[in-house]
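Here are two short exercises to try with the structure open beside you. Work through each task before reading its solution.

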Amino acid sequence: MTPAARIETAAELTDRILAGEAAEKTLTTWARRSRFAGSGDRAAIRDLVFEAVRCRRSFAWLGGGPSGRAAMLGYCRAHGIDPTAVFTGSRHAPPPLSYPECQLPKPLTEAPMAVRCDVPDWLLPLLEQALGGDAEVVLLRLRERAPVFLRSNILKGTRDKAMDRLISEGFDARPHELAETAIAIDGNARKLSASAAVRDGLVEFQDVSSQAVIERISPLLPDASVLDYCAGGGGKALAMAAHAPARIVAHDISAARMGDVEPRAVRAGAQIAITTKPAGTFDLVVCDAPCSGSGAWRRQPEAKWRLDSRMLNKLAATQDAILAAATDFVRPGGHLAYITCSLLNKENDERIDDFLARNPDWTQMDTWRANLLDGGDGFYLAVLKAPDARR
């Protein structure tokens, strides 16, 4: 496919996503039906579509409208590409520009902050409240493609050993300072899933901020019993298992979400029990709570546009319910770690403040947060200590 044909296809797919289709499903369906498109075409179109979703408002400003075609016109202008060389109408290229489309928009620097930072208007005050003076630069980072990070599995060797293996396979790997296990992958990382380093369990895909959260609570892990209360795919349980000898139980309300935990644990050489009905009490209960994912919107840009105030209130209620339920599994004097990948105070400090107001005998021991300026996704951690004698 020519570059112009890729842009025309991306415009058509973006229209479907803007109409409500899921991006991943739209792209997968198109790829299956388009045997003529090579792997390079599929990768390029995927990148175009996801950038259009991440930059929905700014591309609409630069392209003169909310359509997929306008998004691709905005993409060209944002990247200094001459649109008339793309919108030619020849060989599957987009039709030529109309007279209104040829009129240059006002510079993006003159757009409202919510437009140039690509966030919904109603969310901007909440993000400014949470991020303070860093708000604009962090929100601009959310418009970018997410970096690729790996966690070196210290059960199978050092970070240097893992990087040596990756480099020998042709990947540009370097350490990242936010976590002692973190490896950043520069350049093309599309073949990582098939690499020997991943296959042999030397590394796992995990954002560097997520790794840093586990390092932050690692002093609580040695010889502890640990319940990963919202385990999902088990990334944090695997990281905890690598950090210290501990009895780790992975729990999720959905058994299907934990389907990958056992094969990942076997590959990593980790011991993790799996349950949908935990029993007893634990030294540490980790709650990686469902949230807006606002700290990870680079990876899931659709979520930014789906979120509304009703959904945010519902998430806060779910987080309160999870915290309340998780306390039943914390032994007297034990700890509860509350984690989100959200930037919003409503899902972070406000939830902990409300919890402590309802449970004044608990103590907040630690708070840690990362925003995108630290290199990885936005994360929040609060560590709470149970009273020595439970009522």
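**Exercise 1: one sheet, strand by strand**

In this predicted model, work out the strand order of the antiparallel open sheet that 4 strands form, and explain what happens at its edges.

*Step 1.* Read across the sheet: the order is β2-β3-β1-β4, with antiparallel pairing.

*Step 2.* Look at the ends of that order. β2 (172–175) and β4 (203–205) are the edge strands; each has a single partner strand, so one side of each lacks a neighbour in the sheet.

*Step 3.* Check the twist: neighbouring strands are turned by 35 degrees against each other on average, direction ignored.

*Step 4.* Start with the edge at β2. This strand pairs with β3 (residues 182–186) in the antiparallel sense over 4 bridges, and Pro 175 sits opposite Ile 183 in β3. The two strands make a hairpin, with 6 residues between them.

*Step 5.* Now go to the other edge. β1 (residues 148–152) pairs with β4 over 3 bridges, again antiparallel. Here Leu 150 stands opposite Phe 205 in β4.

**Exercise 2: the whole chain**

Decide how the protein chain compares with a globular protein of its length.

*Step 1.* Take stock of the elements: the chain has 17 helices and 11 strands.

*Step 2.* Compare the radii. The radius of gyration is 23 Å, close to the 21 Å given by the globule rule for 391 residues, so the chain is as compact as a globular protein of that length.

*Step 3.* Add the interior: buried residues, those under 20% relative accessible area, make up 53% of the 391 residues.

*Step 4.* Finish with contacts. Of those with a separation of 6 or more, 70% join residues 24 or more positions apart.

Definitions and conventions:
Residues are numbered from 1 along each chain as its sequence is written. This is a predicted model: local features need pLDDT of at least 70, side-chain atom pairs count only at pLDDT 80 or more; totals for chains, interfaces and linings use all residues. Side-chain values use heavy atoms; hydrogens and water are left out. Two strands pair if DSSP finds at least two bridges between them. Axes are lines fitted to C-alpha atoms, for helices over the stretch in contact, and angles run from 0 to 180 degrees between N-to-C directions. The radius of gyration is taken over C-alpha atoms; the globule rule is 2.2 Å times the number of residues to the power 0.38. Buried means under 20% relative accessible area, exposed over 50%, partly exposed in between (1.4 Å probe, protein chains only). Contact means heavy atoms within 4.5 Å.
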